[in-house]
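Dear colleague,

Please find below the structure I promised to pass on to you. My notes on its helices and charged pairs follow.

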Amino acid sequence: FIPIYLNSLFFLYKNNMHSYLKKFQEVAQSIEIELNKKSTLKEKLLKLSRDLVKTSGKVISNVHSKRVTEAKKLLSSAISLHSQICDLVTQDPSFTDSGYILAALQEFTEAHIFFSLISDSPIQSPTELGVTDQAYLLGIADVIGEIRRHILEILIDDNIKEAKRFFQLMKDLYDIFLQIEIDKSLISDFRRKRDMARVLIEKTLSYLFIAIQSKKLEMKMKDFN
């Protein structure tokens with residue numbers, strides 16, 4: 001009787017274990033499918049992010065080279081890439097805070113805002129651009145550096161009046177940044193970029209001062225002659 005009873009218990013235990021293992025197998029297969037989907041999505045986002053960074057850089061480069069038409073075309077391409085990234089992220093919001101996406105949106109913001117400033121167009125908000133607040137602030141912080149480069153190019157063309165206008169724009173942007181206090185844990189790079197902006201403004205002021213004094217000296221020499 002006892003051996004038969006033990007065999008029955010073993011049979012029930014074995015069947016019960018089999019049902020547990022079958023359940024785990026189903027769960028494991030489901031997890032595998034979801035993780036593979038996530039991996040495929042990540043690869044697509046990585047490629048699109050790299051393309052967006054590259055295209056945004058080309059927008060800025062063409063603006064500096066005064067190829068505005070080409071810059072506008074590239075900006076349209078950047079907007080398209082950005083839209084594709086947003087569509088994919090909606091499938092899995094966990095990618096929203098990924099470092100490579102933040103970097104791409106930051107570059108996109110920088111290119112878009114810089115192009116707007118140079119073409120005297122209104123600056124769009126984070127919502128209008130479709131970027132996070134972090135990407136927006138970091139992107140505009142980098143715009144200050146691009147404005148400095150633009151000022152130096154203007155000074156080469158001896159257009160001091162325009163250089164002074166953009167220098168004031170640099171200062172205005174920086175003054176706004178000074179009013180913003182953010183926990184370092186939220187945007188770790190914000191304060192560093194703000195400090196860098198201050199240094200760039202100081203250096204640009206010295207270049208502008210030298211250009212203005214040189215212009216005054218040139219005018220005096222003309223009057224003297």
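About how many helical turns separate arginine 198 and glutamate 202 in helix α7? The answer is about one turn, because the two residues stand 4 apart within that helix, which covers residues 190-224. Please bear in mind throughout that this is a predicted model.

Arginine 198 and glutamate 202 form a salt bridge, with 3.4 Å between their closest N and O atoms. Both partners are partly exposed: arginine 198 has a relative accessible area of 34%, and glutamate 202 has 46% relative accessibility. Salt bridges with shared partners also unite Asp120, Glu162 and Arg165 in one network.

A comparable arrangement is found in helix α5, which comprises residues 133-156. There, arginine 149 and glutamate 153 lie 4 residues apart, about one turn of the helix, and a salt bridge joins them, the closest N and O atoms being 3.5 Å apart. Arginine 149 is partly exposed at a relative accessible area of 40%, and glutamate 153 is likewise partly exposed, at 23%.

In total, a search of the whole structure returns 8 salt bridges. One pair links distant parts of the chain, namely lysine 38 and aspartate 92, which are 54 residues apart. Lysine 38 belongs to helix α1 (residues 2-64), while aspartate 92 sits in the loop between α2 and α3, the latter spanning 99-118. Their side chains meet in a salt bridge with an N to O distance of 2.7 Å.

Is aspartate 92 buried or exposed? Aspartate 92 counts as buried because its relative accessibility is 17%, under the 20% cut-off. Lysine 38, by contrast, is partly exposed, since its relative accessibility of 31% falls between the limits of 20% and 50%.

Finally, I would draw your attention to helix α2, which runs over residues 68-91 and contains 24 residues. From its first C-alpha to its last, α2 reaches 35 Å, close to the 34 Å expected at 1.5 Å a residue. Which residues of α2 are buried? They are Ala71, Leu74, Leu75, Ala78, Leu81, His82, Ile85, Leu88 and Val89.

With kind regards

Conventions
Residues are numbered from 1 along each chain as its sequence is written. This is a predicted model: local features need pLDDT of at least 70, side-chain atom pairs count only at pLDDT 80 or more; totals for chains, interfaces and linings use all residues. Side-chain values use heavy atoms; hydrogens and water are left out. The expected span of a helix is 1.5 Å times one less than its number of residues. Buried means under 20% relative accessible area, exposed over 50%, partly exposed in between (1.4 Å probe, protein chains only). A salt bridge is a side-chain nitrogen of Lys or Arg within 4 Å of a carboxyl oxygen of Asp or Glu.
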